[in-house]
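Biologist: Please take a close look at one part of this model, the aromatic ring pairs, and then work outwards from there to whatever surrounds them.

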Amino acid sequence: MKSNTGCDNIIKSMEKYMEEALKEAEKAYSSGEVPIGCVIVKEGKIIGRGHNQTQTKKDPTAHAEMLAIRQAAGHLGGWRLLDTQLYVTCEPCSMCAGAIIWARIPKVIYGVRDPKGGAAGSVLSLFTESRLNHQPEVVEGVLAEPCGALLKEFFKDLRNQKSEDKLL
């Protein structure tokens, strides 16, 4: 029987970094933001972190991916994030997918699909658009269960809060 040690190590590595993205998502949740978190990795080191802060910063571009990309670009001293991997708990939207493409990030790993706004195959497929100058490799479904559970819990809490507000 052949050993899948190499594949097992790759999976464990992806899960390790997705767990870091989940920590970022939990920060968003605790501040009332949609719980999406992101980390960018280069040569085994996290060089960018972000979690949704659109409400906090009153900035529609303050998505987890955008903030992590800005931090990683600052760390590297340039806008091309070559030889990096972006880990995000939820499928990127069209804005974030565009930034990923322009930053030349070669690999995107995400937890769960976004059936209402995902641009990596759910609603749009920007990463496979041959007319664009860069098409990152995409890995879907890493730690999908905890990524999805956090989002479901957040939106359940939000609905409950809105129901309570109506009663007052």
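Modeller: Tyr29, Phe154 and Phe155 are linked into a cluster by ring pairs (rings of Phe, Tyr and Trp, the last by its six-membered ring, pair if their centres lie within 6.5 Å; planes under 30 degrees apart count as stacked, over 60 as edge-to-face and the rest as tilted). This is a predicted model, in which local features need pLDDT of at least 70 and side-chain atom pairs count only at pLDDT 80 or more, while totals for chains, interfaces and linings use all residues. Residues are numbered from 1 along each chain as its sequence is written, and side-chain values use heavy atoms, with hydrogens and water left out.

The structure holds three aromatic pairs. In one of them, the rings of Tyr17 and Tyr87 have centres 5.4 Å apart and planes at 45°, so this pair is tilted. Tyr17 belongs to helix α1 and Tyr87 to strand β3, so the pair ties together parts 70 residues apart in sequence (helices, H or I of at least four residues, and strands, E of at least two, are DSSP runs numbered from the N terminus). Tyr17 and Tyr87 are both buried, where buried means under 20% relative accessible area, exposed over 50%, and partly exposed in between, with a 1.4 Å probe and protein chains only. Tyr29 and Phe154 form an edge-to-face pair, at 5.4 Å centre to centre and 85° between the planes. Tyr29 lies in helix α1 and Phe154 in helix α5, so this pair ties together parts that are 125 residues apart in sequence. Tyr29 counts as buried at 18% relative accessibility, and Phe154 is buried with a relative accessible area of 8%.

Phe155, a member of the ring cluster, leads to the largest pocket. About 600 Å³ of space lies in that pocket (on a 1 Å grid over the protein atoms alone, a pocket is an open set of points where a 1.4 Å probe fits, with protein on both sides within 12 Å along at least five of seven lines, and lining residues have an atom within 4 Å of a point; points are joined across faces, edges and corners, and the volume is the space filled by probe spheres set on them). Of its 25 lining residues, Val34, Ile36, Asp114, Leu151 and Phe155 are the closest to its centre. The elements that give two or more residues to the lining are α2, α3 and α5, and α5 gives the most, with five residues.

Val34 also takes part in a contact with Asn52: the side chain of Asn52 reaches the backbone oxygen of Val34 at 3.2 Å. Asn52 is found in the loop between β2 (45-51) and α2 (54-57) and counts as buried at 8% relative accessibility. Leaving out residues up to four places away in sequence, Asn52 touches Ala28, Glu33, Val34, Ile36, Ala62, His63 and Ala64 (contact means heavy atoms within 4.5 Å).

Tyr87 leads to the largest nonpolar core, which has 46 residues; those with the most contacts inside it are Met18, Ile40, Ile69, Leu81, Leu86, Tyr87 and Ile105 (such a core is a set of buried Ala, Val, Leu, Ile, Met, Phe, Trp, Tyr and Cys residues joined through side-chain atoms within 4.5 Å). α1 gives the most to this core, with seven residues.

Terms used:
Polar contact = N/O pair within 3.5 Å; in protein donor to acceptor, adjacent residues only side chain to side chain.
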